[in-house]
Amino acid sequence: MEDAAQVLWAAIAVIGVAYLVKWKTDPLNSIPTVGGSSWPLLSIIGALNFTLNSKRLLQEGYKKYYGSVFKVPLFDKWVVVASGPEMVKDIRRRPDDELSFSEGVDDTLQISYTFGPQTRQDPYHVDVLKEKFTRSVPAILPDVVDELTLAVPQHIPADSDEWLEVHVKPAMQQIIARASNRAFVGLPICRNQEYLDLAISFAIDIVKDGTLLRLTPRFLKPLVARLSSRVRSTFHKTIPYIKPLIEERRELMEKLGDQWADKPDDMLQWLIEVAKTRDSDEGIVRRILSVNLAAIHTTSNSVTYALYHLAERPDFVQALREEIEPIIRGEGWTKNAMDRMWKLDSFLKESQRYNGGLASLTRKVLKDMRLHDGTLIPRGSTIMVAADATHYDGSIYADADVFDPFRFSRMREQDGDGTKGQFVNSTLDYFSFGHGKHACPGRFFASNELKSLLAFIILNYDMKLSGDGSRPKNIYLALTVIPAPKGKILFKKREVAAV
C-alpha cells in the first residue's frame with residue numbers, strides 16, 4: 001500500500017514538473033502579462049480581474065506596451081493584444097492561412113459546435129453581402145424606411161400630450177429586426193412576430209452557447225453542444241418560417257426563369273440564386289440567421305448608445321434636426337439624403353468611438369509567426385488589437401474622454417474630403433467595423449439603416465432621460481461591452497414633425 005502511494009505521488013510530481021516545463025517554455029510566457037500573474041492557477045485570479053476590469057486593464061496595457069504586444073487572461077485561454085499603427089498593418093496584411101478571421105470568430109463563438117461548420121467552410125453569404133447587397137443599398141433603403149415608419153410608432157407609442165417611458169434596448173432590437181428583415185426576407189415574413197423573436201433569440205443564444213462551450217473541455221464539446229445548445233433549437237424552429245419561401249421562389253425560378261414580375265429583391269433571393277446546387281434549403285436558413293446575428297446584435301446596440309447620448313443632451317438633437325429637416329424635404333428618404341447628413345454620420349461615428357468594442361481585428365494564429373518587432377506568437381493563440389484604448393488615445397483624438405458629436409464632421413469639412421472621416425471608413429486608428437479585407441461587409445447597409453432610424457426618431461420625437469437624468473452606464477464584461485440593458489428613455493411625439 002505504501003509503495004502504491006509513493007508511485008502515485010511520484011507520478012503526480014512528474015506530471016507537475018512536465019506541466020511547469022511546458023508552461024515555462026511556451027513562447028506566450030515571454031509576452032508581458034497585464035491584469036495578474038501568468039503562473040498556472042494564479043492566472044485564474046487574473047482572468048476574474050480582467051472580466052471585471054477589462055476596459056481599465058486594456059488601457060493600462062496599451063499605454064505601457066504601446067507599439068508592441070501584451071497578453072490578458074480569459075478563463076479558457078490567453079489573448080495577445082497588439083497596439084499601434086505598425087502592429088495594425090502587420091496583422092491586417094497577414095494571409096488567412098497564417099492569421100484567420102473566420103477561425104477567430106469560430107473560436108470565440110464556438111460556431112462549429114453550436115451551429116455547424118458550414119457557414120465558415122463556404123461563406124458565400126459574405127460574398128453576397130459584400131457585392132450584391134452593398135450595391136443594392138440605394139434600391140433597398142426605401143423599403144427599409146417604409147418598415148421603420150411602421151415599426152417605430154409601434155414600439156415607441158408616444159403621443160404629444162405626455163412623456164412615455166420606453167425600455168430602449170429591447171425596443172431597438174424589435175425595430176432593427178423588423179427593418180433588417182424587410183431587406184433580408186421581405187414581406188410578409190419580416191412582420192411575423194414569432195419569426196422576429198427567433199431571429200433576436202438567435203443572436204443572444206449563440207453568445208450564451210459559445211460562452212459555455214469555451215469553458216468545456218474539447219473532448220466534451222460535441223456532447224455538451226448536443227445536449228444544451230439553444231442555437232440548434234432556435235435554428236430548427238426558424239426553418240418552417242423560411243423554407244416554404246425558398247421552395248416557393250425556387251418553383252417560380254424554374255417556371256419563369258431568372259426574371260419575372262414582382263421578383264423579390266432581397267438577401268434571401270440572392271442567396272437562393274447563388275446556392276442552387278451549392279447548398280440545401282436548411283443551409284440557406286443558416287445564412288439568413290447568420291446575417292441576422294450581425295444586423296440585430298451590433299446595430300441595436302449602436303442605436304441604443306446613440307439614443308442615450310441624444311436623451312442626455314437635447315442640444316445635440318436640435319443641431320441634428322437643423323441638418324436633417326431640409327435634406328429630407330429636398331431629397332426624401334434616399335441614400336443620397338443619408339450621404340449628405342455629415343453631422344448625423346459624425347454623431348454615429350463618435351458614438352462608436354466612445355462606446356464601441358474593446359478589441360478588434362480578432363484572429364486565430366494558424367502557424368507559428370513572428371510579428372514585425374520579432375515577437376513570436378505560437379500556433380493556436382488568439383491575437384487582437386486594442387480598439388477601445390486606441391479610440392481613447394488623447395494623442396490621436398483631442399479630448400478623447402469627451403463625447404464630441406461633430407468631431408468627424410468638422411474633420412471632413414477641414415480636410416475638404418467628403419469621405420475621410422465617414423462612419424463606414426476604417427483607418428489605422430479607427431476600427432469599429434474592423435479594418436482591411438475582413439472589415440464588416442454589412443457596414444454600408446447598417447450605416448444607412450442607422451441613419452434612417454435615428455433621423456426618423458429625431459424628427460418625430462422629443463426625448464429625455466428618465467430617473468435622475470444621468471446616462472445609463474455601459475456594461476463591460478471581459479471583452480464584451482453592451483449598453484445598459486435596463487436603460488429607459490422618456491419620449492414625446494412632436495406636434496409638428498417632418499417625415
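This report describes sheets, helices, one cavity and several single residues in a predicted model.

## The five-strand sheet

One open sheet contains 5 strands, in the order β1-β2-β8-β5-β3, and its pairing is mixed. Its edge strands are β1, residues 69-73, and β3, residues 99-100, and each of them pairs on one side only. Inside the sheet, β5 (residues 359-365) runs antiparallel to β8 (residues 382-386), and 4 bridges connect the two. In this pair, Arg363 is placed opposite Ile383 of β8.

Helix α2, made of residues 42-64, lies across three strands of this sheet: β1, β2 (78-82) and β8. The angle between α2 and β1 is about 145°.

## The three-strand sheet

A further open sheet has 3 strands in the order β4-β12-β9, with antiparallel pairing. Strands β4 (164-167) and β9 are at the edges and have a single partner strand each, so one side of each has no neighbour in the sheet. From one strand to the next, the twist averages 35°.

Strand β9 and strand β12 (residues 488-493) are antiparallel and joined by 5 bridges. Tyr461 has Lys493 of β12 as its bridge partner. Helix α9 lies across β4 and β12, and runs at about 70° to β4.

## Helix α8 and its surroundings

Helix α8 covers residues 137-155, which is 19 residues. The distance from its first C-alpha to its last is 25 Å, close to the 27 Å expected at 1.5 Å a residue. An α-helix has 3.6 residues a turn, so residues three or four places apart point the same way.

The buried residues of α8 are Val137, Ile140, Leu141, Val144, Val145, Glu147, Leu148, Ala151 and Val152. These buried residues pack against five helices and a strand, namely α7 (124-135), α9 (168-184), α13 (267-275), α16 (335-340), α20 (443-460) and β9 (461-465). Strand β9, an edge strand of the three-strand sheet, is therefore also a packing partner of α8.

## Two buried residues of helix α14

Ile284 belongs to helix α14. Ile284 has a relative accessible area of 0% and is therefore buried. Beyond its neighbours within four places in sequence, Ile284 contacts Tyr124, Ile246, Arg250, Leu268, Leu271, Ile272, Ala275 and Asp279. Lys243 is 41 residues from Ile284 along the chain, and the C-alpha atoms of the two are 8.5 Å apart.

Asn301 is also in helix α14, which spans residues 281-312. With a relative accessibility of 5%, Asn301 counts as buried, because the cut-off for that class is under 20%. If residues up to four places away in sequence are not counted, Asn301 touches Lys169, Val481, Ile482 and Pro483.

## The cavity

The model has 1 cavity of 30 Å³ or more. The largest cavity has a volume of about 40 Å³. Its lining consists of Ile91, Arg92, Arg94, Asp96, Leu99, Arg363, His435, Gly436, Lys437 and His438. Of these lining residues, Arg363 is the one that stands opposite Ile383 in β8.

## Backbone details in loops

The peptide bond between Leu187 and Pro188 is cis, with omega about 0°. Pro188 is in the loop between α9 and α10, the latter being residues 193-214.

Positive phi values occur at two residues that are not glycine, Gln110 and Asp262. For Gln110, phi is near 55°. Gln110 sits in the loop between α4 (101-109) and α5 (111-114), and is buried at 4% relative accessible area. For Asp262, phi is about 65°. Asp262 is in the loop between α12 (230-256) and α13. At 76% relative accessibility, Asp262 counts as exposed, because the cut-off for that class is over 50%.

Definitions and conventions. Residues are numbered from 1 along each chain as its sequence is written. This is a predicted model: local features need pLDDT of at least 70, side-chain atom pairs count only at pLDDT 80 or more; totals for chains, interfaces and linings use all residues. Side-chain values use heavy atoms; hydrogens and water are left out. Two strands pair if DSSP finds at least two bridges between them. Contact means heavy atoms within 4.5 Å. Axes are lines fitted to C-alpha atoms, for helices over the stretch in contact, and angles run from 0 to 180 degrees between N-to-C directions. The expected span of a helix is 1.5 Å times one less than its number of residues. Buried means under 20% relative accessible area, exposed over 50%, partly exposed in between (1.4 Å probe, protein chains only). On a 1 Å grid over the protein atoms alone, a cavity is a set of points where a 1.4 Å probe fits but cannot get out, and a pocket is an open set with protein on both sides within 12 Å along at least five of seven lines; lining residues have an atom within 4 Å of a point. Grid points are joined across faces, edges and corners, and a volume is the space filled by probe spheres set on the points.
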